[in-house]
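Me: I'd like a close look at one part of this structure, with the reasoning spelled out. Could you take me through it slowly?

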Amino acid sequence: VCTGTDMKLLHPSSPESHYETLRHLYQGCQVVQGNLELTYLPAGADTAFLKVRSGKTPRGGEGQGSGQPLTRVPPSQDIKEVQGYVLIAENQVSGLE
């Protein structure tokens, strides 16, 4: 369970701290108490914090042949419930994970 936000479309004072705040709030979250607002994400922002895939993955995030041992990833921790509204707007990213 994590706390949502209530910023609506207000411009963040610092894009870097805004991204870090969103990542901190939603990483590993399954239930959002409040609103899920994904706004003003810059191009190239890593949105993988919204979804954790289950299974095995190479340590370091590289594909086959990376020479890194496989590590166990926790079961899926996708956001499953939002108790407020969902706002996805004013983003520069090409897609969300």
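What should the twelve residues of helix H1 span at 1.5 Å a residue, and how far apart are its end C-alpha atoms? I'd also like to hear what surrounds the helix.

Reply: Sure! Keep in mind that this is a predicted model. First, the setting: the chain has one helix and seven strands, and from the N terminus on they run β-α-β-β-β-β-β-β.

Now your helix. H1 takes in residues 15–26, and at 1.5 Å a residue its twelve residues should span 16 Å. The end C-alpha atoms are 17 Å apart, which agrees with that.

Next, which residues of H1 are buried? They are His-18, Tyr-19, Leu-22, Leu-25 and Tyr-26. These residues cover an arc of only 130° around the axis, so they sit on the same side of H1. Look at the other side of the helix and you'll find Glu-16 and His-24, which are exposed.

So what covers the buried residues? Part of the cover comes from strands: S1 (2–3), S2 (31–33) and S3 (36–39) are among the elements that do the job. Past the helix comes Gly-28, with a positive phi near 75°.

The helix also has a part in the largest nonpolar core, which has 14 residues. Within this core, Leu-22, Tyr-26, Leu-38, Leu-41 and Phe-49 touch the most other members. H1 and S3 are the elements that give two or more residues to the core, and H1 gives the most, with four. There's a general pattern to compare this with: in soluble globular proteins, nonpolar side chains tend to be buried together.

Two residues beyond the helix help you see how it is packed. Leaving out residues up to four places away in sequence, Leu-41 touches Tyr-19 and Leu-22, along with Thr-47, Glu-90, Asn-91, Gln-92, Val-93 and Leu-96. The other is Thr-39, which lies in strand S3. Its relative accessibility is 2%, so Thr-39 counts as buried, the cut-off being under 20%. With the same neighbours in sequence left out, Thr-39 touches His-18 and Leu-22, and also Lys-8, Leu-9, Leu-87, Ala-89 and Asn-91.

Finally, zoom out to the chain. Of its contacts with a separation of 6 or more, 68% are between residues 24 or more positions apart. Of the 97 residues, 29% count as buried.

Definitions and conventions
Residues numbered from 1 in each chain as written. Predicted model: local features only at pLDDT ≥ 70, side-chain atom pairs only at ≥ 80, totals over all residues. Heavy atoms only, no water. Expected span 1.5 Å × (residues − 1). Buried < 20%, exposed > 50% of the residue type's maximum accessible area, 1.4 Å probe, protein only. Arc of directions from axis to C-beta. Contact = heavy atoms within 4.5 Å. Core = buried A, V, L, I, M, F, W, Y, C linked by side-chain atoms within 4.5 Å.
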